[in-house]
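Work through the exercises below with the sequence and the structure at hand. Each task is followed by a solution in steps.

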Amino acid sequence: RDVSSAMHRASRHSEEAALNRALPYAASLPAEAAASLDAAASGLRTALAIGDFQRGAPHALRQLALHLQRKHDLADQERRALILDAHAAVCHADLPASTRAEACVVLSGLLRRGKHLNVSLGWRPLWRLLLAAHLPEHGPVSYESRSVAASHRVELARCVARCRSHFAAGEAQAMLDAAAALLCPHDASRFFLGA
């Protein structure tokens with residue numbers, strides 16, 4: 001089933017590319033895609049810098065997600081820069097949960113086709129976010145709906161799974177030590193919730 005769905009997506013993508021070449025304005029499509037990507041990436045950087053998390057960051061993330069859905073080709077250096085920007089967005093402390101879920105989707109999409117890139121991502125901010133999302137006693141109180149919180153947890157876990165291969169090589173022991181500090185000494189399958 002996975003092979004057939006991948007073949008269907010590939011044939012659909014080639015059909016769309018063939019149809020795009022037949023359009024009278026086909027020559028301007030790559031330039032428009034590059035301009036759109038540049039606007040979305042710079043918009044995300046600006047929104048994070050000035051703290052515009054209600055309109056600027058969600059808009060830029062939606063534009064990046066749309067660019068990824070259209071399967072435009074990205075050069076390795078562009079993809080690397082976008083991965084670092086999306087990782088910074090995911091790890092930003094003041095980002096609302098709904099916007100962070102969108103950033104997780106974008107980062108996962110970028111990493112899905114960037115497995116070959118040599119990008120080092122930090123695991124500690126993601127660890128703190130996972131603790132705050134799954135163990136509410138370790139994080140600030142959030143006043144968002146249960147469905148937003150559940151979506152945030154799911155997308156964050158998927159994002160961390162995608163980021164895992166880009167963590168530094170010697171960090172495995174540090175990750176185990178961080179998790180071991182929260183384990184119950186009597187039952188290793190339980191976490192301390194009040195620690």
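The exercises go from the overall fold to the core and then to single residues. The model is predicted.

**Exercise 1. Describe the secondary structure and the surface of the protein.**

Solution. Start with the elements: the protein has 8 helices and 0 strands. Along the sequence they give the pattern α-α-α-α-α-α-α-α. Next, take the contacts with a separation of 6 or more: 73% of them join residues 24 or more positions apart. Last, turn to exposure. Of the 195 residues, 32% are buried. The accessible surface is about 12,200 Å², and carbon and sulfur atoms account for 56% of that area.

**Exercise 2. Find which helices supply at least two residues each to the largest nonpolar core.**

Solution. First take the core itself, which has 38 residues. Ile83, Val90, Leu107, Leu126 and Cys163 have the most contacts inside it. Then assign the core to helices: α2 (29-50), α3 (56-69), α4 (76-91), α5 (97-112), α6 (124-134) and α7 (146-163) each supply at least two residues. Finally, look at Leu107. Beyond its neighbours within four places in sequence, Leu107 is in contact with Ile83, Ala86, His87, Val90, Cys159 and Cys163.

**Exercise 3. Locate histidine 152 and decide whether histidine 152 is buried or exposed.**

Solution. Histidine 152 lies in helix α7. Its relative accessibility is 8%. The cut-off for buried is under 20%, so histidine 152 counts as buried. To see what surrounds the residue, leave aside neighbours within four places in sequence: histidine 152 is then in contact with Ala97, Arg100, Ala101 and Ala133.

Notes
Residues are numbered from 1 along each chain as its sequence is written. This is a predicted model: local features need pLDDT of at least 70, side-chain atom pairs count only at pLDDT 80 or more; totals for chains, interfaces and linings use all residues. Side-chain values use heavy atoms; hydrogens and water are left out. A nonpolar core is a set of buried Ala, Val, Leu, Ile, Met, Phe, Trp, Tyr and Cys residues joined through side-chain atoms within 4.5 Å. Buried means under 20% relative accessible area, exposed over 50%, partly exposed in between (1.4 Å probe, protein chains only). Helices (H or I, at least four residues) and strands (E, at least two) are DSSP runs, numbered from the N terminus. Contact means heavy atoms within 4.5 Å. Accessible areas come from the Shrake-Rupley method with a 1.4 Å probe; for residues, only the protein chains shown count as cover.
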